[in-house]
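Please read this report alongside the sequence and the coordinates, since it moves from the interior of the chain to its charged side chains.

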Amino acid sequence: MEHTQTYDGSTDPDQDDSGSAESRSGAGRLVGSDRVLAVLKQLARYPDGVGLEELTRVIGSPKPTVHRALGALRRAGLADQDARGRYLLGDEFLRMAFAHHEARPEHVRLRPLLQTLAVRFGETAHYAVLDGREVVYRAKVDPPTGAVRLTSTVGGRNPAHATGVGKVLLAHELDTLDAVRRWIGGTPLERRTPQTLCTAEELHRALETTRQRGYAVDDQENETGVNCLALPVHATSPTSPSGAVSVSALTYRTPLRSLVDAVDEIRAALGPLSAPHRPVRPRTP
């Protein structure tokens, strides 16, 4: 689930940000930049374009402020306006994003692997990294056939505790119950489905199991009807994973048991990116 963040408006909507006394300070310039970035991020949510009125409402800033931000983005080629007057991401932004993504080392190294897994299982293969309490998908390959596919996207996020890729990466960082409790802190874990692990004790046990067997599973914990198996990827270090690869499958098409039975095959496909699995001895919380 995506949450829309609301940004504070300017104190004087009729005065240009760049001309106010506040904006001449470092803090004022940062606020102005934050507004421009907020508009840019919101545009990405509207591939068919969005009107100024709706964008103003979502951002929570005065219309002149949002309009000035759009003007700055248009001058830089990062936003555009179609024949209907609706705003959308500009071609220059898309060019930079695609060029950067295609040149990323993990994308270049892992895409052939993801293609192999997608063809082998007829399901979606992902590469993801850990970012705080979430995982971010850096690469995705859909199966070559099959009418039903997953809605995940490159750059998309999911709660780490509810995903296989998240749990396999958390297992390398949170090795005690106290560590899990500190990671959760005062913000309860989101329950995505009835299967989601939402207590420190549940998550700790799952991470212990993950360390023992060297892989993690998502048994319909993030989305009902979808399961996955994930393994760590060691692209830069033999001891610390740089990310994780998963095969995410529709349960009616590929049961979780089928993925677990093929774990050695998946590990072999990783080749040198897969560190040798050595089961660890459980630690006392």
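The report below concerns a predicted model and treats its nonpolar cores, one helix, its salt bridges and its charge–ring contacts in turn.

**Nonpolar cores**

The largest nonpolar core has 28 residues, and those with the most contacts inside it are Leu117, Tyr127, Leu229 and Val245. At least two residues of this core come from each of α5, β3, β4 (134-141), β7, β8, α9 and α10, while α5 gives the most, with six residues. As a general background, nonpolar side chains in soluble globular proteins tend to be buried together. Valine 245 illustrates the packing: once its neighbours within four places in sequence are left aside, its contacts include Leu110, Leu113, Leu114 and Leu117, together with Tyr127, Leu229, Leu231 and Leu270. A second core, separate from this one, has 23 residues and includes Val135, Val168, Leu174 and Leu207.

**Helix α10**

Which residues of helix α10 (residues 263-270) are buried? They are Val263, Ile266, Arg267 and Leu270, and because these buried residues fall within an arc of 100° when seen down the axis of α10, they line one face of the helix. An α-helix has 3.6 residues a turn, so residues three or four places apart point the same way. The face of α10 turned away from the buried side carries Asp264 and Ala268, which are exposed. Just after α10, glycine 271 takes a positive phi of about 60°.

**Salt bridges**

The structure holds 15 salt bridges, and three of them are set out here with the separation of nitrogen and oxygen and the relative accessible area of each partner.

| Pair | N to O distance | Accessibility of Lys or Arg | Accessibility of Glu |
|---|---|---|---|
| Arginine 253 and glutamate 123 | 2.9 Å | 29% | 1% |
| Lysine 167 and glutamate 221 | 2.7 Å | 3% | 6% |
| Arginine 192 and glutamate 190 | 3.6 Å | 25% | 33% |

The salt bridge between glutamate 123 and arginine 253 links distant parts of the chain, with glutamate 123 in the loop between α5 (105-121) and β3 (124-131) and arginine 253 in the loop between β8 (243-250) and α9 (256-261), 130 residues apart. Within this pair, glutamate 123 is buried because its relative accessible area is 1%, whereas arginine 253, at 29%, is partly exposed.

Lysine 167 also forms a salt bridge, with glutamate 221, and this pair likewise links distant parts of the chain, lysine 167 lying in helix α6 (residues 164-170) and glutamate 221 in the loop between β6 (216-219) and β7 (226-233), 54 residues apart. Lysine 167 counts as buried at 3% relative accessibility, and glutamate 221 counts as buried at 6%.

In the salt bridge of arginine 192 with glutamate 190, arginine 192 is partly exposed and glutamate 190 is partly exposed. Salt bridges that share partners also join Asp131, Glu134 and Arg157 into one network.

**Charges over rings**

How many aromatic pairs does the structure hold? The number is zero, although aromatic rings do take part in contacts with charged groups: the charged end of arginine 120 sits over the ring of phenylalanine 121, 4.3 Å from its centre, and arginine 133 lies over the face of tryptophan 183, at 5.4 Å from the ring centre.

**A further arginine in α5**

Arginine 111 lies in helix α5 and is partly exposed, with a relative accessible area of 31%. The C-alpha atoms of arginine 111 and alanine 125 are separated by 9.3 Å, the two residues being 14 residues apart along the chain.

Technical notes:
Residues are numbered from 1 along each chain as its sequence is written. This is a predicted model: local features need pLDDT of at least 70, side-chain atom pairs count only at pLDDT 80 or more; totals for chains, interfaces and linings use all residues. Side-chain values use heavy atoms; hydrogens and water are left out. Buried means under 20% relative accessible area, exposed over 50%, partly exposed in between (1.4 Å probe, protein chains only). Helices (H or I, at least four residues) and strands (E, at least two) are DSSP runs, numbered from the N terminus. The arc is that of the directions from the helix axis to the C-beta atoms. Rings of Phe, Tyr and Trp (its six-membered ring) pair if their centres lie within 6.5 Å; planes under 30 degrees apart count as stacked, over 60 as edge-to-face and the rest as tilted. A charge sits over a ring if NZ of Lys or CZ of Arg is within 6 Å of the ring centre and within 35 degrees of the ring normal. A salt bridge is a side-chain nitrogen of Lys or Arg within 4 Å of a carboxyl oxygen of Asp or Glu. A nonpolar core is a set of buried Ala, Val, Leu, Ile, Met, Phe, Trp, Tyr and Cys residues joined through side-chain atoms within 4.5 Å. Contact means heavy atoms within 4.5 Å.
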